[in-house]
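Morning, everyone. I have one structure to show you today, and two topics to cover. Here it is on the screen.

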Amino acid sequence: VAHSVCATAKTNYGNARNRGGTQRVEGKLRASVEKGDYYEAHQMYRTLFFRYISQAKHTDARELMYNGAQLFFSYNQLNSAADLSMLVLESLEKSEAKVEDEDLEHLAKLFSLMDPNSPERVAFVSRALKWSTGGSGKLGAPKLHQLLAVTLWKEQNYSESRYHFLHSSDGEGCAQMLVEYSAQRGFRSEVDMFVAQAVLQFLCLKNKNSASVVFSTYTQKHPSIEKDPPFVQPLLNFIWFLLLAVDGGKLTVFTVLCEQYQPSLKRDPMYNEYLDRIGQLFFGVPPKQSSSYGGLLGNLLNSLMGSGEDEEGEEAQEHGSPIELD
């Protein structure tokens, strides 16, 4: 017992000494940055990072880089800050650490501090999402998508925010963003189209719960829409009935619904293609014989299923959707 107590005391002493050492080093680095010795400080951060990694001190390396990146951001040293942000990711990758909410929040914080138009930000978010797939979801952790969506919403980058909300589980946040998007960038005649597209895409991604939440929240919060069905806009009534039909799973109801509302569904050429997919997922409709999804839906599903935000925005614009109004 005496031996184990002694060993624990030694370990605790060692940990305390290491923490003290790390704090001293951070103090020196901070002083260098405050003096304006940015280049020297940046190189020292990098040297320490690789030293810590070689000693398998992944957590120390990560904390040092995260704090350093924030320090450089505060002095508007964006390139150095972006470089250290990438090293935060490298430490996560090398440590094979489990995906924790705190790490996702740190990554989202660094993302929010980056220049929105910088290539470094694109590279960072792509790598961060890839790392986060170690958790749930092959397209990136839904929690990280949600945090990124909120940052992009604050920047009024609605189309990219919308992409990330689609891959989160935050139907309520998505709806609130869409209300603002519709008010800021849409025509009054399109208020129904903003939410219809989101509901149909959530259903194509098999996320029935978020589809339902985005619809109920959007219709409750949008100033130009009645709070409860039936609605003035036929398209909103169609979506309301569709969500009920998805719960019931009866093919005849789905078929009649799509036939009855064809005039509304013709407002966007994508609607019927989404509905073909929804018919297969929820009502047992066999896939069309024409191979895997081609044309409009193939392009769009590919972009939704992970080939990136830009394609999704471009694809929608290319085919004249009034929703993507960049």
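Start with a lining. Glu26, Arg30, Tyr45, Asn67, Gly68 and Leu71 line the second largest cavity. Helix 1 (2–35) and helix 3 (58–74) are the elements that each give two or more residues to that lining. Helix 3 supplies the largest share, three residues. By character, the lining divides into two nonpolar, two polar and two charged residues. Keep in mind that this is a predicted model.

Now the volume. The second largest cavity comes to about 30 Å³. How many cavities of 30 Å³ or more are there? The count is two.

Next topic, helix 12. Helix 12 covers residues 234–248, which makes 15 residues. What should its span be? At 1.5 Å a residue, the expected span is 21 Å. The C-alpha atoms at its ends are 21 Å apart, so the model agrees with the expected span.

Which residues of helix 12 are buried? Take the stretch at the beginning of the list: Leu235, Leu236, Asn237, Phe238 and Ile239 are buried. Leu242, Leu243, Ala245 and Val246 are buried too.

And what covers those buried residues? The cover includes helix 10 (191–204) and helix 11 (208–221). It also includes helix 13 (251–260), helix 14 (262–265) and helix 15 (270–283).

One last residue. Just after helix 12 comes Gly249, with a positive phi of about 75°.

That's my part. Over to you.

Notes
Residues are numbered from 1 along each chain as its sequence is written. This is a predicted model: local features need pLDDT of at least 70, side-chain atom pairs count only at pLDDT 80 or more; totals for chains, interfaces and linings use all residues. Side-chain values use heavy atoms; hydrogens and water are left out. Helices (H or I, at least four residues) and strands (E, at least two) are DSSP runs, numbered from the N terminus. The expected span of a helix is 1.5 Å times one less than its number of residues. Buried means under 20% relative accessible area, exposed over 50%, partly exposed in between (1.4 Å probe, protein chains only). Contact means heavy atoms within 4.5 Å. On a 1 Å grid over the protein atoms alone, a cavity is a set of points where a 1.4 Å probe fits but cannot get out, and a pocket is an open set with protein on both sides within 12 Å along at least five of seven lines; lining residues have an atom within 4 Å of a point. Grid points are joined across faces, edges and corners, and a volume is the space filled by probe spheres set on the points. Ala, Val, Leu, Ile, Met, Phe, Trp, Tyr, Cys and Pro count as nonpolar, Asp, Glu, Lys and Arg as charged, and the others, Gly among them, as polar.
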